[in-house]
Amino acid sequence: MKIYYHPASTTSRPIALFAAEQGLDAQFVVVDLFTGEHLQEPYAGINPSQLVPAMEDGDFRLTESSAILKYLADKIDSPTYPKDLKQRARVNELMDWFNTQFCREMAYGLVYPQIFPNHKREDDKVQASTLARAREGTKKWLKVLDASLLGPNKAFLTGDKITIADYFGAAFVGLGDVTRCNYSAYPNVSRWMNNMKSLKNWKKVNEAIDGFAASLKDKSFEVV
Ligand SMILES: N[C@@H](CCC(=O)N[C@@H](CS)C(=O)NCC(=O)O)C(=O)O
């Protein structure tokens, strides 16, 4: 099985972390986003959306990080994607929540326009209003995550056991480290992220993004 990915990519890191933690046997193939390898053949033929990650299992190809995680967890019969109808529905719900609401505001609204030149708005006023709006949106979703989705007692999103929703969601929330967001107003989010960061393979999997964050240490950002 091959996983095409980039080590700094927000949507690749949940898969790399899942694989490392759950002992998935897969060949990880780097697609260099910085040289535009994803925009050219052969990768553009593997994922017509020209994004990472993508997976090949024999002649079966799959894109979309959330779908790939579910496939991989089922493939190795992992308890991180429960079989019980309602427990599985809860994991799906959380993954959809991160992939839509949270990702839109945090990644595409607040962080990417500040760290990726191709996401920066051309007009300074538009850039400023995009960030201001996304900052409020991100705060709203962090509050929901803190108070309702996590609450004061859970180690992980669905209780005391880790699921693929945790691997998935932590990459988006962890993106805040790149621009030095401060989550102290969200103690349950902070506790959960500390649990995620305590995983054996977190540091290694996040080496590339941590290095990128370090390279931006003198730059100031709009943050939550
Ligand atoms: N919905 C997709 C999003 C994938 C995505 O946005 N990948 C980014 C890296 S995090 C990418 O390949 N970006 C390249 C580009 O925008 O040119 C998924 O979850 O797999």
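**Exercise 1.** Describe how helix α3 (residues 65-75) packs with helix α6 (residues 164-174).

*Solution.* Start with the geometry: the axes of α3 and α6 lie 10 Å apart and make an angle of about 150°. Axes here are lines fitted to C-alpha atoms over the stretch in contact, with angles from 0 to 180 degrees between N-to-C directions. That makes α3 roughly antiparallel to α6, a label for angles over 145 degrees. Next, list the contact residues (C-beta atoms, placed from the backbone, within 7 Å): Ser66, Leu69, Lys70 and Ala73 from α3 meet Ile164, Tyr167 and Phe168 from α6.

A word on the model: it is predicted, so local features need pLDDT of at least 70 and side-chain atom pairs pLDDT 80 or more, while totals for chains, interfaces and linings use all residues. Residues are numbered from 1 along each chain as its sequence is written.

**Exercise 2.** Is helix α1 (residues 13-22) largely enclosed or not?

*Solution.* Count first: 7 of its 10 residues are buried, so α1 is largely enclosed by the rest of the structure. Buried means 20 or more other C-beta atoms within 10 Å of the residue's own, with C-beta atoms placed from the backbone. Now name them: Arg13, Pro14, Ile15, Ala16, Leu17, Phe18 and Ala19. Their packing partners include β1 (2-5), β2 (27-30), α3 and α6. Finally, look just past the helix: Gly23 follows α1 and has a positive phi, near 70°.

Note on methods: Helices (H or I, at least four residues) and strands (E, at least two) are DSSP runs, numbered from the N terminus. Angles under 35 degrees count as roughly parallel, over 145 as roughly antiparallel, 65 to 115 as roughly perpendicular and the rest as oblique. Two residues are in contact if their C-beta atoms, placed from the backbone, lie within 7 Å. A residue is buried if 20 or more other C-beta atoms lie within 10 Å of its own, exposed if 12 or fewer, and partly exposed in between; C-beta atoms are placed from the backbone.
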